[in-house]
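Colleague: I am new to this structure. Please take one part of it and go through that part closely.

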Amino acid sequence: MEYIQGIAILIGINLIAVLGLCILTGFTGLFSFGHGGFMAIGAYISAIMTARLNLPFSVAILAGGLSAGLISVFIGQLTLKLKGDYFCIATMGFGEAVRVILNNVEYCGGARGWADLPKLTSWWVVLLLDIVCLVLTWNLINSRQGRNLIAVREEELAAQMAGVNVFRFKMIALIVSAVLAGVSGALMANYLQFLRPTMFNMAKSTDLTIMVIFGGLGSISGTVLGTILLVSLPEVFRNFAQWRLVIYGLAVIVIMVGRPKGIMGGMELTPAGIRKVLAARRAKAKLEAEVKAAEQGDAA
Amino acid sequence: MDQFLQQLVNGLSIGSVYALMAVGYSLVYSIMNFSNFAHGSVIMLGAYFGFFSLTLLGVPFSVAFFVAALGAAVIAVLLERLAYKPLRDRRAPFLYFIITAMGASIFIDNSVIATIGPTPKTFPSDLLPGFFQGDPFEFGALTIGRVDIAMFVVAAICLALLVFFIDFTKLGKAIQATAYNIKAAALMGINPNFIIILVFAIGGGLAGAAGILYGMKYQVFPQMSAITLKSFIAAVFGGLGSLSGALLGSLLLALIETFISGYLSTQYRDLFAFGILIAMLVVRPSGIMGKNIEDKA
């Protein structure tokens, strides 16, 4: 039971960061290689606050999230106005830079790692924060701001023409995703009780993005599904550990080439979402029947 | 002064390998306008091709070098055909290309780890030609490794051939035209599909050459693909999509890196590389030689 609870907590912790990436990549169309860096900032800030300064955990989580958010403003200012891959490459450089800096900070254990952190993350804290984050992202996506984000993803130029401040909305998406990554890092630090800079390398960043892609770009319920699947599957198939990433990499290519929307892709697993899909199916069937009838009429 | 010259030589030799990587990456960027993040994996595979043809097949070094370049070129073209072509045909958004490239890179790197294993492999020196055996050359207080000389000379020859090809042949002009405007070039009778395959083949071939040289200087290991991060930085530094920019950026980046590790500390070398990237984005995002990339829209 404890084992299952452990996996559930890991799912919950990852979900917070993945929800942020769902907004950034899934809804706004920006691709980041560096969210492991934001997670690392949240994790180390929270670890310093709880282990060194003996501050309450709530303050530590808040500080972890906010400091990641602050740094994202700086990265965003530099790169979001530029066209093309600059954002990608800069986030990649940022993530690696955070890791190299942490490797050299002896106050936080350096490259060897930092053990014996207080264990403050309990399942109900994770559950509570998950619900808060889900409600927040859901409301954000279904608000006017959320529609602007989607407009930016779909057609930047047209969105700009229609009066959407593209830079501002890209920035909002980046800040939200960085804050969520920071919060997730803070929970991670005080759950695993151990931190090491390599935990937040580029592989971690891409892992988070892969969860968004599996679930489906532009679907929150898909993101939740993708996170649950991809965090728990490796636990089930321990023996295939070394093939895990081979399969993930291949699956990402296949998804992008074959079904770019992922498992859920643009659909939501809510009563309204299901009704919408069913209605679309019925409409299609009806259209096909009409076409068939018309063809038969022609033949006759 | 001696140390200065020594660092200069080190920087030039490693910079020439960065240049081989960055040029291939930049060529693809100039045509397709997306960062081929799987470029590093192609470099790594090239190094393995060279290593195994030398140790398992026992072919002479020159053939192994050729196999590395050719094998990497084939992989790069396969990647284009199997992963990027379907996306191009569908006019998929830019985001999908980056995600696919990331997937390809994860797939290739981890396939190598799962099959060959993560342990680094060293080129056996007795299988290398006579030139590589023996002590490094010494000029006064200056020592120059034999691999370093080979790196510089081979990279210089490859890059000179590339510049000649791009600037003075009809096909090279076609590549330039396609980079300038792919639609207009297609209307003038240039087959964009053929140009894209050609560019991936050239980039892959240079990547293979870079891979085997880098593997000889250090070792061959799956995480090697991460050093392409340096070629991305070099390409941004020099100006994304510009060949001369990629060249200049690579040399400058390598020089700065070797001077940092020579005079300060190796630990901060990578940090400076990223610092340069950030500084460049603040001061002049289009790089030293790059076109204006501020979004006009």
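Modeller: A residue is buried if 20 or more other C-beta atoms lie within 10 Å of its own, exposed if 12 or fewer, and partly exposed in between, with C-beta atoms placed from the backbone. This is a predicted model, in which local features need pLDDT of at least 70, side-chain atom pairs count only at pLDDT 80 or more, and totals for chains, interfaces and linings use all residues. Residues are numbered from 1 along each chain as its sequence is written, and chains are lettered from A and ligands numbered from 1 in the order in which they are written.

The part is helix 6 of chain B, residues 170-180 (helices are DSSP runs of H or I, at least four residues, numbered from the N terminus). Its buried residues are B:A174, B:I175, B:T178 and B:A179. Seen down the helix axis, they fall within an arc of 135°, so they line one face of helix 6 of chain B; the arc is that of the directions from the axis to the C-beta atoms. On the other side of helix 6, B:K170 and B:Y180 are exposed.

The buried residues of helix 6 pack against helix 1 (2-32), helix 5 (146-168), helix 7 (182-187) and helix 8 (192-217) of chain B. Contact here means that the C-beta atoms of two residues, placed from the backbone, lie within 7 Å.

Two of these partners, helix 5 and helix 8 of chain B, also meet each other. Among the residues involved are B:V154 and B:C158 in helix 5, and B:L206 and B:A209 in helix 8.

Definitions and conventions. Helix = DSSP H or I, 4+ residues; strand = E, 2+ residues; numbered from the N terminus.
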